[in-house]
Amino acid sequence: MASGDFEAGWRILEDLTSNAALIQQQVLEEILNRNANTEYLGSFLNGKFDKELFKKKVPVVDYEDIKPFMERIASGEPPEILLDSPVPELLISSGTSGGKPKMVPSSTEYLDKKLFGQTLRASVMMKHINGLNQGKWLFLQFMKPETKTSSGLVARSYITSLAKHIQERKIKNDRYSSPCETILCPDIKQSMYSQLLCGLVERDEVVIVGAPFASTFLNIINFLEDHWKELCLDIRTGHVSDWITDPSCRNSVSVILSKPDPKLADSIEQACSASSGKSWEGIVRKLWPRTKGLLTIVTGSMTQYIPTLQYYSGGLPLLSTVYASTECFFGLNLNPLCQPSDICYTLLPNMAYFEFLPVNSKHDDIFYEDSTIKENIVELVDVKVGQCYEVVTTTIAGLYRYRVGDILKIIGFYNNAPQVQIVGRRNVVLSLGPDKTTEEDLSKALKKAQLHLEPFGFLLVDYTSYADTTSIPGHYVLFWELKKKEGACRVEELDSKLMDQCCCILEEYLDDIYKMYRHENAIAPLEIRVLEGRTFDTLMEFFIAKGSSLSQYKTPRCIKSEEALELLKSRVVGRFFSHKTSF
């Protein structure tokens, strides 16, 4: 599809969404015809290709249920234990549920589907935003170094896989200002600097600025604030900074930074220096004046960053266009210029076979008994508007009735395809972006910190938490109410060293994903805020006044209400931070 021919892509979307039921049937038939004789499916289907038998016999599973199969493939066993096609690589997810990155198989068909989704995304954007095919997209992406399993099978992130797939197929990448070599650079700082440098050199051509996630983009803004003077110097002299040592990255940037450009450097310097030390409000518009939108995900756990994005972008449209994960490409936002609160994604029925487990509006009752899961699950075309569901996928790449963990609300249909809003993640309490901390994770860490407190005569009365994004990077805040085993607890009696150690202990017992981002300074040190006595009684009274039942009240482990948060902040008597630097 030509970059300007959005009409062809839109016709495909109309066909897909109009024939959702038929296409879903065809997708499942294709998956079963190809994979029914694999070890996993064969144990339930006995080689039969029957849809009703699939729905009756194949269980709905979490990652832990299929992890042994993934580990066997990683160890070198034939992929036929899960799917009847070669597995050139394993894809590593962010590890949103268990804190450990997950491995899922990849295949050529799987990557083709994701590329197809990206092509349709471009068609949707071009339909709604004039001139996108007449400029470049500064869309910053970053790789994680790939690894190999014990059997030599490559394991890499989805973004790395897609970039390498594009490079190996020699697919034209001229829409983007970042050369593929800068995206594939394993050093994140060199990659970020190089991509920004290319985007600034070509600033008058850039029509889209963005990054995969809102949190990522705000880290990029921080980096730009620290490095704009050096970037201007490189542009002024026509020389890439010496610390950019990755050969492919350096060479590709040098082609773009082909000569000194003092006039351009002066213009960028003027925009940045006028803001330096004061306000960077609207800096995106100032640096890239032709920009038509900020392309980044602002749904799910990213909604908390919307005000900050609007501040830095100068009111540019926030283009949250794709709903996808490592496991599956789900759908597209067909109205990318809508307000953030109105963002919804239309599910694409050709991407996977989708099923849905109903949950209530508060996300309760999502852990059905095994015997009743299959009775409650519904197909894509049978979902009800206004109902919340947990999405379940069956893919061409060897995932069968797999609980992704996302909670979706059905807000309508486009033709016959559901349109969904991402409500949240199953069992997640705290998140600043890619990190996902569950109530169980938090509880385990707190128990360790409590053990450290008890010998000093302190008890933890109650706690709650929130993800503070008022500064960049954001950090976890835990509100603690303490009491002494004998008498009241006064903040003057709290040993700051003891409390700092509690902060460190909490971080030590959070999951690997959190620790990875803390190590990279993408998350700031954890904070404990000690509250006045009886604060949680006051909090309970607040929620009861709002309609909660006293007999059913439970202290929320993550505060979502701004009023409740202000109540807690007003009763803080001490603040302590982790000093942990290595993980």
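**Cavities, strand pairing and residue burial in the predicted model**

Four cavities of 30 Å³ or more are found when the whole structure is searched. The structure is a predicted model. The largest cavity holds about 60 Å³ of space. Its lining consists of Tyr110, Lys113, Lys114, Glu327, Cys328, Phe329, Met351, Thr395 and Ile396. By class, the lining residues split into five nonpolar, one polar and three charged. Helix 6, residues 108-128, contributes the most to this lining, with three residues. In general, such empty space is revealed by rolling a probe the size of a water molecule over the atoms.

Helix 6 was examined further. Its length agrees with expectation, because 21 residues at 1.5 Å a residue should span 30 Å and the end C-alpha atoms lie 31 Å apart. Many positions of helix 6 are listed as buried. In the N-terminal part of that list stand Tyr110, Leu111, Lys114, Leu115 and Gly117. Leu120, Arg121, Ala122, Ser123, Val124, Met125 and Met126 are buried as well. Tyr110 and Lys114 thus appear both among the buried residues of helix 6 and in the lining of the largest cavity. In an α-helix there are 3.6 residues a turn, so residues three or four places apart point the same way.

Strand pairing was considered next. Strands of a sheet pair through backbone hydrogen bonds, in either a parallel or an antiparallel sense. One open sheet is formed by four strands in the order 2-1-5-4, with mixed pairing. Strand 2 (103-105) and strand 4 (147-148) are the edge strands, and each of them pairs on one side only. Within this sheet, strand 1 (residues 89-92) and strand 5 (residues 154-157) run parallel and share four bridges. Glu89 has Val154 of strand 5 as its bridge partner.

Strand 4 is also one boundary of a loop. Gln141 sits in that loop, between strand 3 (136-139) and strand 4. The relative accessibility of Gln141 is 19%, so Gln141 counts as buried. Setting aside residues up to four places away in sequence, Gln141 touches Ile159, Ile183, Ser191, Gln195 and Pro212.

Ser191 and Gln195 recur in the surroundings of Thr182. Thr182 belongs to helix 8, residues 180-183. Thr182 is buried, its relative accessible area being 0%. Apart from neighbours within four places in sequence, the contacts of Thr182 are Ser191, Ser194, Gln195, Cys249, Ser252 and Val253. Ser191 and Gln195 are therefore contacts of Gln141, a residue that counts as buried at 19% relative accessibility, and they are contacts of Thr182 too.

Strands 9, 10 and 11 are linked by antiparallel pairings. Strand 9 (residues 322-324) joins strand 10 (residues 329-332) through three bridges. These two strands form a hairpin, with four residues between them. Val322 is bridged to Leu332 of strand 10. Strand 10 is also joined to strand 11 (residues 345-347), by two bridges and again in the antiparallel sense. Here Leu332 has Thr346 of strand 11 as its bridge partner. Leu332 is thus a partner of Val322 and of Thr346. This region also meets the largest cavity: Phe329, Glu327 and Cys328 are among the lining residues.

A further hairpin is formed by strand 19 and strand 20, with six residues between them. Strand 19 and strand 20 (residues 475-484) are antiparallel and share 10 bridges. One of the bridged pairs is Leu459 with Lys483 of strand 20. Strand 19 (residues 458-468) is largely enclosed by the rest of the structure, because nine of its 11 residues are buried.

Two more residues were examined for burial. Glu507 is found in helix 17, residues 496-508. Glu507 is buried, with a relative accessible area of 0%. Ser578 lies 71 residues from Glu507 along the chain, yet their C-alpha atoms are separated by 7.8 Å. Pro307 lies in helix 14, residues 306-313. At 53% relative accessibility, Pro307 counts as exposed. Pro307 and Gly293 are 14 residues apart in sequence, and their C-alpha atoms are 15 Å apart in space.

Terms used. Residues numbered from 1 in each chain as written. Predicted model: local features only at pLDDT ≥ 70, side-chain atom pairs only at ≥ 80, totals over all residues. Heavy atoms only, no water. 1 Å grid on protein atoms, 1.4 Å probe; cavity = no way out; pocket = protein on both sides within 12 Å on 5 of 7 lines; lining within 4 Å. Points joined across faces, edges and corners; volume = space filled by probe spheres on them. Nonpolar A, V, L, I, M, F, W, Y, C, P; charged D, E, K, R; others polar. Buried < 20%, exposed > 50% of the residue type's maximum accessible area, 1.4 Å probe, protein only. Expected span 1.5 Å × (residues − 1). Pairing = 2+ DSSP bridges. Contact = heavy atoms within 4.5 Å.
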